[in-house]
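Biologist: I'm new to this structure and would like a close look at a single part of it. Could you take the metal site, walk me through what surrounds it, and then move outward from there?

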Amino acid sequence: MRIILLGAPGAGKGTQAQFISEKTGATPISTGKIIRAAVKNGTPAGLAAKEYIDAGRLVPDEMVIEMLKERLCEDDCKDGYILDGFPRNISQALALEKMGIEVDIVIDILVFDSDVVERLCGRRVCNNCGATYHVETKPSLKGKLCELCDGTLITREDDKPEIVLERLRVYHAETEPLIRHYNAQIKLRTMRSFPTIEDTANGVLAILGESAV
Ligand code: ADP
Ligand code: ZN
């Protein structure tokens with residue numbers, strides 16, 4: 001089974017991808033995570049990607065598509081996957097189709113722009129394992145350290161307020177048109193992002209149940 005998660009930055013795609021993975025065994029794949037790992041490892045692609053990420057812009061299609069192709073060849077993708085953060089524009093969606101990949105459902109997670117700003121600006125991430133927290137809604141029990149690995153919690157460069165606004169602008173301009181694209185393919189399911197992870201997960205469960213995946 002292959003699922004695409006659509007939705008603005010901060011809609012909770014990463015968390016729900018993890019949840020769906022636990023329920024179905026499909027592998028969660030986040031292009032944001034893949035790109036950040038490349039940046040951290042200092043690969044040529046990573047170095048080139050960094051300026052785009054930090055500015056809240058999309059990394060060029062060729063780069064992301066290449067990284068995704070490689071990832072999808074790995075063994076753990078054989079029994080299905082959940083794409084979080086890809087495709088992010090129409091040309092990436094067409095690239096996926098050109099690769100011969102048929103997705104089963106596309107779940108669009110709706111969230112208000114004002115909630116996005118609040119969520120992302122308060123988000124903290126572990127600089128070691130990538131676990132996410134929020135200063136108000138999900139603080140770490142270990143204060144400034146990660147509960148899971150004792151790594152240091154930091155604010156992502158692109159979670160700074162002016163960059164969050166730019167990411168939202170890019171989302172509306174480039175990613176939102178995908179809603180119509182997948183609706184036309186009768187693959188689209190729409191749900192709301194709730195303030196709690198559990199309520200949002202229930203929305204996801206309802207969709208998975210209806211789709212019998
Ligand atoms: P969010 O969904 O919260 O914005 P991600 O971790 O998915 O966070 O993405 C962070 C950044 O990585 C994006 O702002 C963009 O620069 C880059 N990125 C991730 N996925 C893609 C993609 N499919 N195409 C282009 N850039 C991407
Ligand atoms: Zn950690």
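Modeller: Here is a walk around the zinc site, followed by a few other spots in the chain. Keep in mind that this is a predicted model.

Let's start with the metal itself. Which residues hold the zinc ion (ligand 2)? Four cysteines do it through their SG atoms: Cys126, Cys129, Cys146 and Cys149, at 2.3 to 2.4 Å. The arrangement counts as tetrahedral because the angles between the 4 donor atoms run from 95 to 119°, and four donors get that label if all angles lie between 85 and 135 degrees. For comparison, the ideal angle for four tetrahedral donors is 109.5 degrees. Read along the chain, the zinc donors are spaced as C-x2-C-x16-C-x2-C. The site ties together distant parts of the chain: Cys126 sits in strand β5 (residues 123-126), while Cys146, 20 residues apart from Cys126, is in the loop between β6 (132-134) and β7 (153-154).

How covered are these cysteines? Cys126 is buried, with a relative accessible area of 4%, and Cys146 is buried too, at 0%. Both get that word because buried means under 20%. Cys149 reads another way: its relative accessibility is 29%, so Cys149 counts as partly exposed. Cys149 is also in the loop between β6 and β7. Setting aside neighbours within four places in sequence, Cys149 is in contact with Cys126, Asn128 and Cys129. If you want a distance across this part, take the C-alpha atoms of Cys149 and Gly130: they are separated by 9.9 Å, and the two residues are 19 apart along the chain.

Stay in that loop for a moment and find Ser140, which is also between β6 and β7. Is Ser140 buried or exposed? Buried, since its relative accessibility is 11%. Its side chain has two polar partners in the backbone. A polar atom of the Ser140 side chain lies 3.0 Å from the backbone nitrogen of Lys142, and the backbone oxygen of Leu145 is 2.6 Å from a polar atom of that side chain. Leaving out residues up to four places away in sequence, Ser140 touches Tyr133, Leu145, Cys146, Glu147 and Leu153. So that list brings you back to the zinc, because Cys146 is in it and Cys146 is one of the four donors, with donors being N, O and S atoms within 2.8 Å of the metal.

One more stop in the loop between β6 and β7 is Asp150. Asp150 has a phi near 65°, a positive value in a residue that is not glycine. That's worth a pause, because most residues other than glycine have a negative phi. Asp150 is partly exposed, with a relative accessible area of 44%.

Asp150 has company elsewhere in the chain. Ile186, not a glycine either, has a positive phi of about 55°. You'll find Ile186 in the loop between α8 (177-184) and β8 (188-192), where Ile186 counts as exposed at 71% relative accessibility. Another backbone detail is the cis peptide bond joining Phe86 and Pro87, with omega about -5°. In general, most peptide bonds are trans. Pro87 belongs to the loop between β3 (81-84) and α5 (90-98).

Now to the other ligand. How many residues surround ligand 1? There are 20, and the closest are Thr31, Arg36, Arg57, Gly85 and Arg167. Helix α2 (residues 31-41) gives the most to this shell, with 4 residues. Some polar pairs are easy to pick out. An N or O atom in the Thr31 side chain is 2.8 Å from a nitrogen atom of ligand 1. In Arg36, a polar side-chain atom lies 2.8 Å from an oxygen atom of ligand 1, and in Lys13, a polar side-chain atom lies 3.4 Å from an oxygen atom of ligand 1. On its own, ligand 1 has 540 Å² of accessible area, and the protein covers 96% of that.

Last, look at Ala38, which is in helix α2. Ala38 is buried, at a relative accessible area of 9%. Not counting residues up to four places away in sequence, Ala38 touches Thr43, Gly46 and Met67. The C-alpha atoms of Ala38 and Pro60 are separated by 14 Å, and these two residues are 22 apart along the chain.

Methods: Residues are numbered from 1 along each chain as its sequence is written. Chains are lettered from A and ligands numbered from 1 in the order in which they are written. This is a predicted model: local features need pLDDT of at least 70, side-chain atom pairs count only at pLDDT 80 or more; totals for chains, interfaces and linings use all residues. Side-chain values use heavy atoms; hydrogens and water are left out. Donors are N, O and S atoms within 2.8 Å of the metal (3.2 Å for Na, K and Ca); water is not among the atoms, so sites may look incomplete. Four donors count as tetrahedral if all angles lie between 85 and 135 degrees; four count as square planar and six as octahedral if opposite donors are over 155 degrees apart and all others between 65 and 115; anything else is irregular. Helices (H or I, at least four residues) and strands (E, at least two) are DSSP runs, numbered from the N terminus. Buried means under 20% relative accessible area, exposed over 50%, partly exposed in between (1.4 Å probe, protein chains only). A polar contact is a pair of N or O atoms within 3.5 Å; within protein, one must be able to donate a hydrogen and the other to accept it, and residues adjacent in sequence count only if both atoms are side-chain atoms. Contact means heavy atoms within 4.5 Å. A residue is near a molecule or strand if one of its heavy atoms lies within 4 Å of it. Accessible areas come from the Shrake-Rupley method with a 1.4 Å probe; for residues, only the protein chains shown count as cover.
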